[in-house]
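Welcome, and please open the model in your viewer. We will start with the whole chain and then move to one helix.

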Amino acid sequence: MLVEHVLNDRLSDIAEKEPNPKASPNPVQEKIVDKDEARVDILLVEDDDADAYIILEALKNIPKVKSVVRAIDGVEALEIVDARNFVPHLALVDLSMPRKNGFALLAELKARIQVDFPSVVLTSSHAEMDVFRAGKNGAWKYITKKDKIHMMTQSLRRIVKKI
């Protein structure tokens, strides 16, 4: 069963607005006119190769997804965000990672002015304290990982649809 919690109503508005073409030098974003036709760039922050495989396969099944860039931990994710070579519309963040975990990453993304995209926690943890901490650190939604591609696709399709 999908465990999904709306953590921050304020970020719901951010997720539903159009991508800001001035936020990125990406010429593809500037060509986007109709929100229904908009395609989504995703930053996947996941250290586990098996989980990343399922998530990437699920995202391939969602036509609205244009591209996915994977970071193996929070340090690498921040390097990608700070370089501004890839400006995601959405970040999918695992909580348990080496060097910089998902909680620390969420807090740092929340503190950055140039970050104009929602972050969704995608984790194996069902702990209510993790749900609370993720929301406190800026997560838009909290979703538990699925071990079947079709189930993961269903969960992620609902998220991507709102972007």
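How many helices and strands does the protein have? Switch on the cartoon view: there are 7 helices and 6 strands, where helices (H or I, at least four residues) and strands (E, at least two) are DSSP runs, numbered from the N terminus. Followed from the N terminus, the elements run β-α-α-β-α-β-α-β-α-β-α-β-α.

Bear in mind that this is a predicted model, in which local features need pLDDT of at least 70, side-chain atom pairs count only at pLDDT 80 or more, and totals for chains, interfaces and linings use all residues. Residues are numbered from 1 along each chain as its sequence is written, and side-chain values use heavy atoms, with hydrogens and water left out.

Next, color by pLDDT, the predictor's confidence in each residue, from 0 to 100. The average for the protein is 80, and 77% of the residues score at least 70. Now select residues 1–34, where pLDDT stays under 50. Where pLDDT is low, the predicted coordinates should not be read in detail.

Now select helix α6, residues 128–136. Which of its residues are buried? They are Asp130, Val131, Ala134 and Gly135 (buried means under 20% relative accessible area, exposed over 50%, partly exposed in between, with a 1.4 Å probe and protein chains only). Look down the axis of α6: these buried residues fall within an arc of 130 degrees, so they line one face of the helix. The arc is that of the directions from the helix axis to the C-beta atoms. On the other side of α6, find Glu128, Met129 and Lys136, which are exposed.

Finally, step to Gly138, just after α6, with its positive phi of about 110 degrees.

Note on methods:
Contact = heavy atoms within 4.5 Å.
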